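Me: I am new to this structure and would like to be taken slowly through one part of it. Please set that part against the rest, so that I can find my way around.

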Amino acid sequence: MTTTQRPVPGVGRARLPGRSLLRVGPVSLQIRRRAVLVAAVLTVLLLLAMLLSLSLGTPYVAPADVLRALSGAGTPYDLVVFDLRLPRIVLAAVAGAAFGVAGTLIQSVARNPLASPDIIGVTQGAGLAATVALTSGAAAVLVAPSALVGGLLAALLLFAVGARHGLAAQRFVLAGVAVAFAFRALTEVVMLTADPIDGLRAQIWLIGTLAGKGWTEAAWIAGTLLVLLPVLAWAGWALNSTALDDDTARGVGLRPVARRIGLAGTGVLVAAMVTAQVGAVDFVALVAPQLARRLVRAERPPLVCAALLGALLLVLADLVGRRLFAPIQLPAGVLTAAIGGPYLIFLLLRGRRQSS
């Protein structure tokens with residue numbers, strides 16, 4: 001039994017070099033073998049990083065004891081593993097994966113490796129709303145919902161400004177940068193006029209930290225990804241067409257504007273939710289997709305590999321932040337900025353060399 005499908009880049013009857021053909025009933029799908037290998041390696045590295053993070057700390061827990069505790073065998077370290085460390089580490093993995101997914105979708109729509117939620121204004125919108133909540137005496141339980149609403153409002157403003165001319169890539173990025181600067185300026189005004197203690201709380205939130213957070217925040221992020229799973233499955237396939245210009249895409253029966261809006265909307269929704277839960281952890285969404293693209297040697301960032309790499313980066317950043325200057329803990333956002341800053345400079349210099 002065979003079906004006739006529209007020709008889409010990366011999907012077809014002919015088997016391309018480096019790809020394997022997977023058939024599920026009448027549907028056939030070509031899979032990059034290198035992407036599968038990279039995903040498997042990243043999964044192993046992520047599990048090892050989580051095991052290391054569960055072990056290191058005060059008290060130190062041997063990896064064998066960690067594994068025994070996780071298996072339910074019962075150890076003296078069950079309280080340390082399950083109550084003190086595991087919730088935060090799971091949150092780091094889930095949040096990092098969400099940042100990787102959001103960055104992949106936004107960069108693919110923008111066709112720009114510098115585009116990410118913290119560049120196009122979504123993070124700044126969430127930060128402004130969270131700062132207002134933290135400095136106005138609102139209950140702590142309202143901070144995350146406020147940040148989510150702020151991020152979504154920033155996204156709506158971004159779409160209103162950038163959706164003209166079919167959400168063109170260059171206009172989308174420029175509109176995002178303008179929105180980011182506007183919300184950042186408003187956040188600074190709110191912090192300067194706030195009580196110093198409240199301003200400090202807002203500053204910590206804006207840096208991005210996993211301290212004091214765990215299962216509840218992880219459940220919100222994982223629940224969002226689970227609800228969006230059918231959309232993300234479509235997005236992983238639709239990313240193949242983002243490299244096409246509009247005329248070519250229409251020529252093969254696609255609707256490029258609707259696809260870009262769908263991909264960008266999904267990306268900003270995921271970004272707003274994860275930022276609302278863990279704060280403005282910058283640069284994970286920027287770095288993970290491009291590193292994944294280079295590892296897979298693909299034209300577009302692969303969604304699954306970017307998610308795994310984002311999870312790995314945030315787990316390692318949180319581990320280093322906890323142990324580098326122990327007992328003082330650095331927020332995860334400080335470490336991701338330390339990684340992302342030099343990487344951003346590298347991208348800028350690389351782009352300059354290519355253009356010259």
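What follows is a request about one pocket and a single connected reply. Which residues lie nearest the centre of the second largest pocket, and which elements give two or more residues to its lining?

Reply: Before turning to the pocket, please keep in mind that this is a predicted model, and that every value below was computed from it. The protein chain has 356 residues, of which 48% count as buried, and its secondary structure consists of 15 helices and two strands. When contacts with a separation of 6 or more are taken together, 71% of them join residues that stand 24 or more positions apart. As for the outside, the accessible surface of the chain comes to about 17,000 Å², and carbon and sulfur atoms account for 68% of that area.

Now to the part you asked about. The second largest pocket has a volume of about 450 Å³, and 18 residues line it, with Ala-140, Val-143, Ala-144, Glu-217 and Ala-276 lying nearest its centre. Four elements each give two or more residues to this lining, namely helix 5 (143-162), helix 8 (196-207), helix 9 (215-227) and helix 12 (256-278). Among the contributors, helix 5 gives the most, with four residues. By kind, the lining of this pocket divides into 13 nonpolar residues, two polar ones and three charged ones.

From the pocket one can move on to the nonpolar cores, and Val-143 makes a convenient link, since the name appears both among the residues nearest the pocket centre and in one of the cores. The largest nonpolar core has 79 residues, and Leu-105, Ile-221 and Val-278 are those with the most contacts inside it. Helix 3 (residues 78-110) supplies the largest share of this core, with 18 residues. A second core, separate from that one, has eleven residues, including Ala-126, Ala-133, Val-143 and Met-191. To return to the largest core, Val-278, when its neighbours within four places in sequence are left aside, is in contact with Leu-91, Ala-95, Phe-99, Gly-208, Thr-209, Leu-210, Lys-213 and Ile-221.

Helix 7 offers two residues that are worth following one after the other. Val-179 has its place in this helix, which covers residues 169-192, and because its relative accessibility is 5%, it counts as buried. Apart from neighbours within four places in sequence, Val-179 is in contact with Ile-120, Gly-121, Ala-154, Leu-157 and Leu-158. One of these partners, Ile-120, is 59 residues away from Val-179 in sequence, although the two C-alpha atoms are 6.8 Å apart in space. Thr-187 also lies in helix 7, and since its relative accessible area is 6%, below the 20% limit, it too is buried. Not counting residues up to four places away in sequence, Thr-187 touches Gln-124, Gly-127, Leu-128, Thr-131 and Leu-206.

For contrast with the open pocket, it helps to look at enclosed space as well. Rolling a probe the size of a water molecule over the atoms shows where empty space is left. A search of the whole structure finds two cavities of 30 Å³ or more, and the second largest cavity has a volume of about 40 Å³. Its lining is made of Phe-283, Val-284, Val-287, Leu-313, Thr-336, Ile-339 and Gly-340, which divide into five nonpolar residues, two polar ones and no charged ones. Helix 13 (284-296) and helix 15 (332-355) each supply at least two residues of the lining of this cavity, and helix 15 gives the most, with three.

Ala-337 is also found in helix 15, but this residue is partly exposed, because its relative accessible area is 30%. Leaving aside neighbours within four places in sequence, Ala-337 is in contact with Asp-282, Phe-283 and Pro-342, and Phe-283 is one of the residues that line the second largest cavity. Ala-337 and Ala-317 are 20 residues apart along the chain, with 9.8 Å between their C-alpha atoms.

A last stop is Asp-65, whose place is in helix 2 (residues 63-70). With a relative accessible area of 15%, Asp-65 is buried, and, not counting residues up to four places away in sequence, it touches Thr-75 and Tyr-77.

How values were computed: Residues are numbered from 1 along each chain as its sequence is written. This is a predicted model: local features need pLDDT of at least 70, side-chain atom pairs count only at pLDDT 80 or more; totals for chains, interfaces and linings use all residues. Side-chain values use heavy atoms; hydrogens and water are left out. Buried means under 20% relative accessible area, exposed over 50%, partly exposed in between (1.4 Å probe, protein chains only). Contact means heavy atoms within 4.5 Å. Accessible areas come from the Shrake-Rupley method with a 1.4 Å probe; for residues, only the protein chains shown count as cover. On a 1 Å grid over the protein atoms alone, a cavity is a set of points where a 1.4 Å probe fits but cannot get out, and a pocket is an open set with protein on both sides within 12 Å along at least five of seven lines; lining residues have an atom within 4 Å of a point. Grid points are joined across faces, edges and corners, and a volume is the space filled by probe spheres set on the points. Ala, Val, Leu, Ile, Met, Phe, Trp, Tyr, Cys and Pro count as nonpolar, Asp, Glu, Lys and Arg as charged, and the others, Gly among them, as polar. A nonpolar core is a set of buried Ala, Val, Leu, Ile, Met, Phe, Trp, Tyr and Cys residues joined through side-chain atoms within 4.5 Å.
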